[in-house]
Amino acid sequence: MLILLICLQIDSLSLNQALTRALSYNLAYQESQISLDKTKIAFFQSLCNLLPTVSTTGSYTKTQYPGLDPTERYSTSMNFSMPFFDLDVLGSILVSGLNWKGTRIQHRSNLASQILQVKSSYYNLVNARELLHYSDIAIKRSEENLNLIQTKFEIGAASRLAVLQAEVLNLQTRQTKARAKTMEITAQEGLKSLLNLDRDIYPTDTLIVPQDMPFPPLDSLTEILTRVNYNIRLAREMEMVAKINLTTAYLAFLPRISGFYGLNTSSESLHTDLGWYPDNASKNWGWSVSFPIFEVKGLVFKWLNARKDYQLKKVSRQQTVLETVKALRTTYYGLQESYENLRLSQRSFEAATEAANIAQEQYRLGALSLIDWLKIEGDMYSSKTAYSQALSDFYVKQLNFSFLLGEATMNKEQ
């Protein structure tokens, strides 16, 4: 098998290997990580605004007066300034901190979404390959039945209706294989795109039938939804950012206070001895108070825009909560239906398989007609397809349900 996979340029991957590769090579995940790093840098940059600002200047001036010799002057200055009460600086720190937190939530959401997509594609690929494998068996068996019935028809032991029934069954199995092949190609391309691969993937894991699954009360899930859902948490952070911006806009009418300290030197000659400058520098220090008297018009419009933005973010958060609760209820009942459908499909397939085995034996003994036997065979193929699809559908819906509750993380899902 290994030699065959190498010759066909197929990557054999387990689900954990697929997840690891997706988080290492997927471009969308890398973009999310870079965005997170940018907001982190922006936060620390805003913190640096609290540190003293140092500015230094040096100048050389040559002055020429009529009838006099030119004069030269060398001047240097070093000034320190530090904000003590500046709401713009404090507001930018709070906003950038919340933006960083919101980006972390978004990054975790992207991670969970990436895992959900990889797992869904992997499950669909497993299901498609399982259907392909079973359809090959079904085609082989239906061809054997068709050949047998045609031989009996030629010797007068079977009717034309039986031959047509066998042909219909053979065509149905071929149609099933064609659909499975299309599903396999679609799942292959989706998973290859997520893993940044250009070769086909051979899944080594299989879908296991889940044990009895208890469903917690929906009300208890709704209560914790607002604390764990990524979209709601992100909307809440955006509302908090808008609230801080509004508060900052309110307080922007207050004066800004900062302190300063400066050293200045002036000399007619250039001194290369660095010790000369501290001894001969003039010093000045004090406080600077800035009143936004001539900025009132801009501040008023800034406050109006901030208030409307806060109202918009508040309504957006409420709308996100309503839509997410609706999605939770829909997914919850959909998962229950999928689980029940899986159990019924499993029992149906087991019963259809047993019925097919009994029908085959009864047909050999002459206790069952050929047409009835072929019909039971067709029911078995249909029940197998429905069972495999129900198993894959259950796993995908379970992933979506976990994602809504913020549980599709790397540690828990693996």
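## Cavity, helix packing and two residues

Phe85, Asp86, Leu87, Asp88, Leu251, Ala252, Leu254, Pro255 and Arg256 line the largest cavity. The structure is a predicted model. A search of the whole structure finds one cavity of 30 Å³ or more, and the space in the largest cavity comes to about 50 Å³. Its lining has six nonpolar and three charged residues, with no polar ones.

Helix α4 (residues 87–154) packs with helix α7 (residues 230–251) at an angle of about 170°, and their axes lie 9 Å apart. An angle over 145 degrees counts as roughly antiparallel, so α4 is roughly antiparallel to α7. The contact of α4 with α7 has 13 nonpolar, seven polar and five charged residues.

Two single residues are set side by side below.

| Residue | Location | Relative accessible area |
|---|---|---|
| Asn196 | loop between α5 (160–195) and β4 (200–203) | 44%, partly exposed |
| Thr265 | strand β5 (residues 256–267) | 9%, buried |

Thr265 counts as buried because its relative accessibility is 9%, and buried means under 20%. Leaving aside neighbours within four places in sequence, Thr265 is in contact with Tyr74, Ser75, Thr76, Trp276, Tyr277, Asn280 and Ala281.

Asn196 is partly exposed, at 44%, a value between the limits of 20% and 50%. Most residues other than glycine have a negative phi. Asn196 is not a glycine, yet its phi is positive, at about 55°.

Technical notes:
Residues are numbered from 1 along each chain as its sequence is written. This is a predicted model: local features need pLDDT of at least 70, side-chain atom pairs count only at pLDDT 80 or more; totals for chains, interfaces and linings use all residues. Side-chain values use heavy atoms; hydrogens and water are left out. Helices (H or I, at least four residues) and strands (E, at least two) are DSSP runs, numbered from the N terminus. Buried means under 20% relative accessible area, exposed over 50%, partly exposed in between (1.4 Å probe, protein chains only). Contact means heavy atoms within 4.5 Å. Axes are lines fitted to C-alpha atoms, for helices over the stretch in contact, and angles run from 0 to 180 degrees between N-to-C directions. Angles under 35 degrees count as roughly parallel, over 145 as roughly antiparallel, 65 to 115 as roughly perpendicular and the rest as oblique. Ala, Val, Leu, Ile, Met, Phe, Trp, Tyr, Cys and Pro count as nonpolar, Asp, Glu, Lys and Arg as charged, and the others, Gly among them, as polar. On a 1 Å grid over the protein atoms alone, a cavity is a set of points where a 1.4 Å probe fits but cannot get out, and a pocket is an open set with protein on both sides within 12 Å along at least five of seven lines; lining residues have an atom within 4 Å of a point. Grid points are joined across faces, edges and corners, and a volume is the space filled by probe spheres set on the points.
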